[in-house]
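Please work through the exercises below with the sequence and the model side by side, attempting each task before reading its solution.

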Amino acid sequence: MLRLMTAVARLRPLAAWRATRSRPRPGAAALRTSAEPFPNGASSNYVDEMYCAWLENPGNVHKSWDVIFRNAAAEAPPGAACQSPPTLGGPVVGSGPCVEKLVEDHLAVHSLIRAYQVRGHHVAKLDPLEISCVDFDDAPCAVGFQNVGLYGLAEADLDKAFRLPTTTFIGGSEGSLPLREIIRRLEAAYCQHVGVEFMFINDVEQCQWIRSKFETPGVMRFSLEEKRTLLARMVRSTRFEEFLQRKWSSEKRFGLEGCEALIPALKTLIDVSSQSGVESVVMGMSHRGRLNVLANVIRKELDQIFCQFDSKLEAADEGSGDVKYHLGMYHKRMNRVSDREVTMSLMANPSHLEAVDPVVQGKTKAEQFYCGDAEGKRVMSILIHGDAAFAGQGLVYETFHLSDLPSYTTHGTVHVVVNNQIGFTTDPRMARSSAYPTDVARVVNAPIFHVNADHPEAVMYVCKVAAEWRSTFHKDVVVDLVSYRRNGHNEIDEPMFTQPLMYKRIRRQKGVLQKFAEKLIGEGVVTAQAYEEEVATYDRICEEAYARSKDEKILHIKHWLDSPWPGFFTLEGQSKSMTCPPTGISEEELVHIGNIAASVPAEDFTIHGGLSRVLKGRANMVDQRVCDWALGEYMAFGSLLTEGTHVRLSGQDVERGTFSHRHHVLHDQNVDKRVCIPMNYVSPDQAPYTVCNSSLSEYGVLGFELGFAMASPNALVLWEAQFGDFHNTAQCIIDQFISCGQAKWVRQNGIVLLLPHGLEGMGPEHSSARPERFLQMCNDDPDVFPTLSADLAVQQLHDCNWIVVNCSSPANYFHVLRRQMLLPFRKPLIVFTPKSLLRHPEAKSSFDDMLPDTHFKRLIPDGAADPAKVKRVVFCSGKIYYELIRERGNRGLQEEVAVVRVEQLSPFPFDLVKAETDRYAKADLVWCQEEHKNQGYYDYVKPRLRTTVSHARPVWYAGREPAAAPSTGNKATHLAELQRLMDAAFSDRV
């Protein structure tokens, strides 16, 4: 109805033109004012639309309308205008007694067409097993010949011709069709082996585009060559799995049996995308079918895959490695369909099924950024999901909501769901509340194409449309391959325990390759002999690769690298050096960057009055040659940008900073959405600076930034938590990718995590970044004192899995950020950042600490203490240092107590700590922390301190007692705990 009224509104400007026509025009008015009753509203608008179209050209409307309007124009009496027009080989609309029936019938046909478009997928033949658990009983789909009565039509109307609305393409070049043919064509478009969900999309152009792709007669036709190529791909997909089953029947491989069409589906997506200009495809998937994708899509050498099944194969690379169905791959090859080179990478993924989704998106975004692909025309992503995970994992939702954000969009992702209709042993009816596993995609208006995976031609067409959609609209799209899992969860699992009826049906199910081959042979597309030769050829390829695989004795994980960094390492994959240059910069550069930080480079830009005071304070600090935390960060970022290093800072509220200290994006107070980023004015030829507030997501956004950092070693990529406490909702990314990514996949990554940390009476959810968890996952040995050497500091960094620091000064924060990019290798950096220290008057650094030849201090000794007088050495880290020196001053213990700051917790600075313990050889050793005893750094530091002193001296503890929560929620209790902590640190009895 809305469309009819809209159409009339669009045609209103024709009124003046119609007035100049010589044709009499009592028509529509006469019809509406006849003595016969006639409905107003939508029916009246419909008549207006038909009449306007007739005025432009009588051929625009059906003969029945032409007769009515001609009679009305001739001022025929009411009721006489409705006459039977000439027949068109059968009864036509218009033979009824009045226009009311005519209009109602047309509207009924329009409603029927819309019903197919909205709900045709409800009755489509999507399930190869024909046991679909998708239940639409609460919303039955009233379509088909038998249901025309529900729309006010009768069986006698089936052979009447109806004018087709502009919202359908089933007519092709025909403007009207008999109702019987209308239903037949709608059934063919929406109720066969493809189900299309798209009518929830609120963009008319996009809906029309989809209608044209599925409704236009004859769209799903393929050339003989396309069918033969499809058969060859099905042969490879199927015979690969059968070969593995024959050779290693008792090995887990998470095969693709039951959804072999995934391989031609992916290859079609890549073919069509390559033809439209895509040069790089980044893919992510879980374990099911991964080996097949590696072999037949990425084209990993078969012998390299087969040798993974050899239990005697020795590991040659650093690290622990991973199982074969988690590994990734990077490959550049010529696409034979487009005749263009395409780079394909399949990202390594843990068993956490959807965890790789945002990582893929981040890497895709980075590749687009580095090649200047602002519209996503050259780099794209494809994500392969499982049905249970797609519906059940919240990360899918988080990733979808990044899809259209300016700093995170990849301009459209193709999501392919391998819908096995089961999750491990769980029936879909127990695994999700939605009808389809793909319903989550509706939140971003992504069209969803369901397709029966046992019909390869339908799969191929749907994937072609999906690739064209992405190329046309640069938005997400979902292909739901409705299939089954021929084996259990893995090849040695027994599915009959929990799904006996389903698996009885599967046991009887003929393989898709056999069915498709028989179909093509029957059509004369290929001969039986040609098909058998195709099968024999691929079997021979597998056998030859199997023979070569026996010669492999050593497993090289680096051969499975998914993100190589050409030129960064030596040809052997090693670091080019084991040294790190000083990280300081010249005073001129410090002053220049400081002045930029204190300015508003844009003209006629009005900033907030409070921000004017902040900028004035920065200018004063530059004049005084000091910097606070925010200015120290500015110096680090600005100097790296000047040196050509891209800096990207992402997270919740990072533009201003959670604690209103950063202010990297200035907002004009008078002009909406006008902003200024002074950091991009540091130097004319600087690298770009990206700072972006993220969605309220930790899991998805941290995964995205990890992927972004994966694309290149020449960018400083930082993710900041709003509070350090909140990182635990991204724990999977931290545990499965960041802490052990290099060990599992020989893949370095230099991502930086900024985690605000400190117990300041703000309650248990705004106090602790859980340093104990990060330190527990560090791979350095607490019981082994390292061999001292000149390059120990860099060697420790090279050997560790990540770096954990808690800086107590802006200068050290400045240095650790710069060191991150000047090292000859990349390691994740975990920084516990301050909150109250951001404005602490003593937490400032002199420019002298940031000049050339200065560097990051892993440990800061107490320079004022006299070793001969010191009775106690208090080791600490972070904010507690300032509270300790204040308390020490209040107690007058400056000469008796030395306070030493451990800035780099891991790798542990054994050499520097030993120098301090030797310096104060007779003093008590105390570790002091503000965290509870079972949290914080104590359990990590104590055994390493004991190793440093060869277990000859005790290490005392000063801190809060063990507790379940990170901190109290009561301010008075917090202060009382702090006082007891201080008493313990300075009293004679610890």
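The exercises that follow deal with strands, helix pairs and a sheet, each with a worked solution.

The model is predicted, so that local features need pLDDT of at least 70 and side-chain atom pairs count only at pLDDT 80 or more, while totals for chains, interfaces and linings use all residues. Residues are numbered from 1 along each chain as its sequence is written, and side-chain values use heavy atoms, with hydrogens and water left out.

**Exercise 1.** Determine whether the two faces of strand β3 are buried or exposed, and find the partner strand of β3.

Solution. Begin with the element itself: β3 spans residues 194-197, where strands (E, at least two residues) and helices (H or I, at least four) are DSSP runs numbered from the N terminus. In a regular strand the side chains alternate between the two faces of the sheet. On one side of β3 lie Val194 and Val196, on the other Gly195 and Glu197, and all of them are buried, a term that means under 20% relative accessible area, with exposed being over 50% and partly exposed in between (1.4 Å probe, protein chains only). Next, look for the partner: β3 runs antiparallel to strand β10 (residues 448-452), to which 4 bridges join it, and pairing requires that DSSP finds at least two bridges between two strands. Within this pair, Val196 stands opposite Phe449 of β10.

**Exercise 2.** Describe how helix α21 packs on helix α22, and which residues make the contact.

Solution. Two packed helices are described by the angle between their axes and the distance between the axes. For α21 (residues 587-597) and α22 (residues 609-624), the axes come within 8 Å and cross at roughly 165°; axes are lines fitted to C-alpha atoms, for helices over the stretch in contact, and angles run from 0 to 180 degrees between N-to-C directions. α21 is therefore roughly antiparallel to α22, since angles over 145 degrees count as roughly antiparallel, under 35 as roughly parallel, 65 to 115 as roughly perpendicular and the rest as oblique. The contact (heavy atoms within 4.5 Å) involves Val591, Gly594, Asn595 and Ala597 from α21, together with Leu615, Arg618 and Val622 from α22.

**Exercise 3.** Characterise the packing of helix α13 with helix α24, and then decide whether Glu367 is buried or exposed.

Solution. The axes of α13 (residues 356-370) and α24 (residues 699-710) are 6 Å apart, and the helices pack at an angle of about 45°, so α13 and α24 are oblique to each other. Turning to the single residue, Glu367 is found in α13 and, because its relative accessibility is 18%, counts as buried. Leaving aside residues up to four places away in sequence, Glu367 touches Ser280, Val282, Val379 and Ala711.

**Exercise 4.** Establish the strand order of the sheet that contains β27 and β28, and locate helix α32 relative to this sheet.

Solution. The sheet is open, with 5 strands in the order β23-β25-β24-β27-β28 and mixed pairing. At its edges are β23 (859-860) and β28, each of which pairs on one side only. Between β27 and β28 the pairing is parallel, over 5 bridges, and the bridge partner of Val926 is Trp956 in β28. Helix α32 lies across β24, β27 and β28, running at about 165° to β28. Among the buried residues of α32 (residues 938-948) are Tyr938, Val941 and Leu945, and the elements against which its buried residues pack include α27 (771-776) and α31 (910-919). After α32 comes Ser950, whose phi is positive, near 55°.
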